[in-house]
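Trainee: Could you take me through one part of this model in detail? I would like to see how a single helix sits among its neighbours, and then hear about the main pocket.

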Amino acid sequence: MKKTFTTKGTCSRQIEIDTDGEVINSVKFYGGCPGNLQGISALVKGMKVSEAVSRLKGINCAGRGTSCPDQLARALEQL
């Protein structure tokens, strides 16, 4: 299942997520810090959705109250 989410409060604009049931197949961020976001995408590939949410939810970037990893966790929760 492939879905695209619009982010809020971050440098990245969108996140495209592909899952196969409970496992993340791929994640692609549009905008933001390319190296860091490619790293996050590589790390969550093959991870269970619930595990990624528990690890990434609540991460804060520069006092914004959210971050690209947090936005990924929020998007995964909506699946």
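Mentor: Happily; here is a walk around one helix, followed by the pocket. Keep in mind that this is a predicted model.

Let's begin with helix 2, which spans residues 49-56. Its buried residues are Val49, Ala52, Val53 and Leu56. Because these four cover an arc of only 100° around the axis, they lie on the same side of helix 2. Turn to the other side of the helix and you find Ser54 and Arg55, both exposed. If you want the cut-offs behind those words, buried means under 20% relative accessible area and exposed means over 50%.

What does the buried side meet? The buried residues of helix 2 pack against two strands, strand 2 (12-20) and strand 3 (23-31), and also against helix 1 and helix 3. After helix 2 comes glycine 58, and its phi is positive, near 95°.

Two of those packing partners, helix 1 and helix 3, turn up again at the pocket. The largest pocket has a volume of about 170 Å³. Its lining is made of 13 residues, and those closest to the centre are Cys33, Leu37, Cys61, Cys68 and Pro69. Helix 1 (34-44) and helix 3 (68-78) are the elements that give two or more residues to this lining. The largest share, three residues, comes from helix 1. In terms of chemistry, the lining of the largest pocket divides into seven nonpolar residues, five polar and one charged.

How values were computed
Residues numbered from 1 in each chain as written. Predicted model: local features only at pLDDT ≥ 70, side-chain atom pairs only at ≥ 80, totals over all residues. Heavy atoms only, no water. 1 Å grid on protein atoms, 1.4 Å probe; cavity = no way out; pocket = protein on both sides within 12 Å on 5 of 7 lines; lining within 4 Å. Points joined across faces, edges and corners; volume = space filled by probe spheres on them. Nonpolar A, V, L, I, M, F, W, Y, C, P; charged D, E, K, R; others polar. Buried < 20%, exposed > 50% of the residue type's maximum accessible area, 1.4 Å probe, protein only. Arc of directions from axis to C-beta. Contact = heavy atoms within 4.5 Å.
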